[in-house]
Amino acid sequence: FPQVFTRVLSSVVNSLTLRYPTVTLQSCFQEQLRLKAQVRLLEYRVKQQQVKIVQLLQEKEIQYSDQEDENSFIDLGEKRQYADCAEIYNDGYKRSGFYKLKSFQSPSEFLAYCDMSDGGGWTVFQRRSDGSQKFDRVWTDYEQGFGNFASADGEYWLGNKNLHYLTNQGNYTLRIDLSDFEGERRFAQYKSFRVADEESSYQLSCGEYSGTAGDSLTGGFHPEVKWWADLRGMKFSTRDRDNDNYEGNCAEEDTSGWWFNRCHSSNLNGVYYKGPYTAKTDNGIVWYTWHGWWYSLKSVVMKVRPADFEPNVV
Ligand SMILES: [Ca+2]
């Protein structure tokens with residue numbers, strides 16, 4: 001018996017010692033292969049995700065730089081409507097940028113750049129900065145407005161309609177900021193600036209001048225030029241709508257829309273020439289009392305603010 005038992009036992013042990021290591025080695029080898037494959041797969045996925053992360057970071061960087069450089073619209077939601085940038089400023093928003101406005105009689109909202117410098121609360125209705133927008137345009141363009149309403153230094157005209165609604169809400173001060181290619185800045189300010197309605201062809205009215213650029217809007221620099229250079233009481237003119245006091249067509253000759261008289265000593269919607277220029281007519285961006293007729297300015301900002309504006313210091 002013990003012999004038989006021993007034999008059986010030894011054969012069982014034999015088979016076990018023979019089989020078990022084999023099974024263990026095999027499964028280990030298979031497991032190793034499986035894990036190696038998984039490692040390779042995971043490495044591949046990590047690489048893919050790294051590539052994706054780099055892509056996303058780049059996209060985000062582009063978006064951020066877009067937001068900073070290009071889109072300067074500031075959305076305040078629908079809670080309140082603002083009649084002008086002065087209201088926005090005094091409601092606590094002191095960052096310059098494009099905001100939604102709705103003047104009292106305006107049928108719809110419109111975008112305008114709020115200049116919160118210079119004491120804040122300025123609604124910009126015209127800007128020249130680089131010549132990227134065409135200002136030689138027809139009546140309906142000037143009526144509706146045109147240009148770049150996204151960039152902080154984008155060129156635009158707010159539109160005579162909106163300008164009318166805006167300036168008829170009260171007593172507004174006009175401020176014109178000018179700069180030249182020599183790095184100098186000047187300004188002109190006018191009291192009681194107002195633009196009449198469509199029926200009156202967006203007639204201009206304004207009061208007393210103050211500033212450093214001279215009075216080129218009302219020809220106040222010399223009594224003898226008033227009869228042809230004073231733009232007060234002048235209707236708006238475009239090349240397809242001649243409302244000037246000249247036998248020809250000022251808007252056509254000076255390639256701009258403006259409150260031309262006969263024709264002007266200021267034409268801030270003129271051609272962007274970059275400094276001194278020669279042309280058939282004085283059609284550059286002209287402010288006569290600073291640089292004369294044959295120098296086109298580097299930048300212009302025309303903006304309005306209520307005369308009784310008092311910055312809310314909170
Ligand atoms: Ca004419």
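Modeller: Buried means under 20% relative accessible area, exposed means over 50%, and partly exposed is in between (1.4 Å probe, protein chains only). We're on a predicted model, where local features need pLDDT of at least 70, side-chain atom pairs count only at pLDDT 80 or more, and totals for chains, interfaces and linings use all residues. Residues are numbered from 1 along each chain as its sequence is written, and side-chain values use heavy atoms, with hydrogens and water left out.

Biologist: Let's start with the metal. Which residues coordinate the calcium ion?

Modeller: Donors are N, O and S atoms within 2.8 Å of the metal (3.2 Å for Na, K and Ca), and water is not among the atoms, so sites may look incomplete. Here the donor atoms sit at 2.2 to 2.7 Å. D242 is listed twice through OD and D244 through OD, while backbone-type O donors come from the other two. That gives D242, D244, Y246 and G248.

Biologist: What spacing do the donors of the calcium ion follow along the chain?

Modeller: Take the residues in order, D242, D244, Y246 and G248. An x1 stands between each donor and the next, giving D-x1-D-x1-Y-x1-G.

Biologist: Is D242 buried, partly exposed or exposed?

Modeller: D242 has a relative accessible area of 36%. Because that value falls between the two cut-offs, D242 is partly exposed. Y246, at 24% relative accessibility, also counts as partly exposed.

Biologist: Over to Q126. Which residue's backbone oxygen does the side chain of Q126 reach?

Modeller: Q126 sits in strand 3 (residues 122-128); strands are DSSP runs of E with at least two residues, helices are H or I runs with at least four, and both are numbered from the N terminus. Q126 is buried, at 0% relative accessible area. Its side chain has a partner at 2.8 Å, and that is the backbone oxygen of L268.

Biologist: Which aromatic-looking names, F, Y or W, does Q126 touch?

Modeller: Contact means heavy atoms within 4.5 Å. Not counting residues up to four places away in sequence, the list for Q126 includes L268, N269, V300, V301 and M302. Also on that list are F135, Y156 and W157.

Biologist: Is R185 buried or exposed?

Modeller: R185 lies in strand 7. Beyond four places away in sequence, R185 touches L178, S179 and W290. Its relative accessibility is 65%, so R185 counts as exposed.

Biologist: How far apart are the C-alpha atoms of R185 and S299?

Modeller: Along the chain, R185 and S299 are 114 residues apart. In space, their C-alpha atoms are separated by 9.2 Å.

Biologist: And I88, how far is it from V8 in space?

Modeller: I88 is in helix 2 (residues 85-90) and, at 0% relative accessibility, counts as buried. Setting aside residues up to four places away, I88 touches L76, Y82, Y93, Y99, K100, L101, C114 and M116. V8 is 80 residues from I88 in sequence, and C-alpha to C-alpha the separation is 99 Å.

Biologist: Last one: how many residues of helix 4 are buried?

Modeller: Helix 4 covers residues 160-167 and is mostly covered. The buried ones are N160, N162, L163, H164, Y165, L166 and T167. Out of its eight residues, the buried count is seven.

Technical notes. Polar contact = N/O pair within 3.5 Å; in protein donor to acceptor, adjacent residues only side chain to side chain.
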